[in-house]
Amino acid sequence: MTDRPLLMIPGPIEVSDAVFRATCVRPPSHVAPDLIAAFGDALRGMRSVWLAGPNSQPFVVAGGGTLAMETAATNLVDPGQSALVIDTGYFGDRMAEMLRRRGANVTLIEAPPGETVSAERVGDALRQGEHAAVFATHVDTSTGVRVDARGIAEAARQHGVLSCFDGVCATAAERFEQRAWGADVYLTASQKAIGLPAGLALWVCSARATDARAALKQLPPLTLDWHKWQPIMEAYEAGKPSYFSTPATTLIGALHIGLRELVPDDLHAATRMEARVAAHQRAADAMRAAWSVLGLKLLPTHVDHTANTLSALYYPDGVDASVLGAIKQAGAIVAGGLHADLKTRYFRVGHMGDVVGRPEALLRTVQAVATGLRAVGHTADVRAAVTAAESVLKP
Ligand code: PMP
């Protein structure tokens, strides 16, 4: 156990020791043979983690999730085309704004905070209008709501519409099978469940998605253009140096280590990812068992659409954001609310990435939350909460 508080916000997150060590190196050149080899293998590793097909194209570009979202908005849709956006929180709003700035006609399907949008509703909307693409947030970090990505991808497929999923708070933790489900773009950022520091935008495109870019009438901004980046990714995968804009070389080295911790060999990727998703499910179940003992209510309205990567929890009566300081004092950093409508009414605890395999970290988080609540006057049985989580983690 360390003395520093654990970083249990929904990203950036605690990283594994191997990833941490990989970031503590002298900066490599973008054309160094070792870096080229690591970059190429990281791209192969992404296909495995995404469970994407051999013809899919992975991209790694310096930036964040927002940049990955913007490449999708500007490479999939032309100005004047229609896009369907499923809005389950803050990041759905952001996607809609990006598409409007691109000049797209946006149709929003909104859910009240805590609710989801069913694949049936998406299917109905697709029947009613002609859309170039449908955009959904796999897990909206502002609400802790997970959508039925499979159902939405399949509905889009049936209607011949492209599908794009923001997996920033889901990729490598929630079930997602890009190839089997026929999803066209699955994007994320390095600081979430993929388990790295912040600084990389990552996404994988189907061949249909890259074809859509080829058919655009209005080019995307240069640095967002998949056509500028694709030859670079292809070169690295072929073991050759290439240059368009300097990659974040230290992070690429760490990405290689991090992805290979998840999927040491590409042949057994499906089994590894299955186990990884199950570990996140177990961690989420354990945390929820503890929240229930503490009398904390989750923001998502049904367990079926509650994310496994974080808990969004209403403050109990008489408690406000001042509890966050008390929780930190007790050993874990957690986050305040993000959704504009109820920002001051809830807080968020991340449980994704390396920590799901470290029961002591999860239990320490439960203990910190319970102790923090007690410190601000809420009746909380710290021992009972820890025991409830422990009984799920160590049955
Ligand atoms: N989408 C989701 C679901 C997110 O959680 C975030 C970050 N919290 C983003 C997009 C944006 O990512 P970034 O902050 O790296 O730009």
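Let's start with the open sheet of seven strands, which runs in the order β2-β10-β9-β8-β5-β3-β4 and mixes its pairing. At the edges stand β2 (57–62) and β4 (105–110); each has a single partner strand, so one side of each is left without a neighbour in the sheet. Step from strand to strand and you'll find neighbours turned by 15° against each other on average, ignoring direction. Keep in mind as you look around that this is a predicted model.

Now zoom in on the β4 edge. Here β3, residues 82–87, pairs with β4 in the parallel sense, and six bridges join the two. To get your bearings in that pair, look for V85, which has L108 of β4 standing opposite. Helix α4, residues 90–101, packs on the sheet here and touches β3, β4, β5 (133–137) and β8 (162–166). Compare directions and you get about 165° between α4 and β3.

A further helix to pick out is α6, made of residues 149–158. Helix α6 lies across β3, β5 and β8, and its direction is at about 160° to that of β8.

Next, the ligand. What surrounds it? There are 13 residues around the ligand, and the closest are G65, T66, T141, D166 and Q191. Sorted by character, the shell comes out as five nonpolar residues, six polar ones and two charged ones. Helix α3 (residues 65–76) gives the most to this shell, with three residues.

A few polar atom pairs are worth clicking on. In T141, a polar side-chain atom sits 2.3 Å from an oxygen atom of the ligand. The side chain of Q191 has an N or O atom 2.9 Å from a ligand oxygen atom. With K192 the ligand atom is a nitrogen, and an N or O atom of the K192 side chain lies 2.9 Å from it. As for how much of the ligand is covered, it has 390 Å² of accessible area on its own, and the protein covers 82% of that.

Finally, move along to another open sheet, this one formed by three strands in the order β11-β14-β13 with antiparallel pairing. Its edge strands are β11 (310–314) and β13 (335–336), each of which pairs on one side only. Strand β14, residues 346–350, pairs with β13 in the antiparallel sense over two bridges. If you want a residue pair to look at there, try G336, whose bridge partner in β14 is F347.

Terms used
Residues are numbered from 1 along each chain as its sequence is written. This is a predicted model: local features need pLDDT of at least 70, side-chain atom pairs count only at pLDDT 80 or more; totals for chains, interfaces and linings use all residues. Side-chain values use heavy atoms; hydrogens and water are left out. Two strands pair if DSSP finds at least two bridges between them. Helices (H or I, at least four residues) and strands (E, at least two) are DSSP runs, numbered from the N terminus. Axes are lines fitted to C-alpha atoms, for helices over the stretch in contact, and angles run from 0 to 180 degrees between N-to-C directions. Contact means heavy atoms within 4.5 Å. A residue is near a molecule or strand if one of its heavy atoms lies within 4 Å of it. A polar contact is a pair of N or O atoms within 3.5 Å; within protein, one must be able to donate a hydrogen and the other to accept it, and residues adjacent in sequence count only if both atoms are side-chain atoms. Accessible areas come from the Shrake-Rupley method with a 1.4 Å probe; for residues, only the protein chains shown count as cover. Ala, Val, Leu, Ile, Met, Phe, Trp, Tyr, Cys and Pro count as nonpolar, Asp, Glu, Lys and Arg as charged, and the others, Gly among them, as polar.
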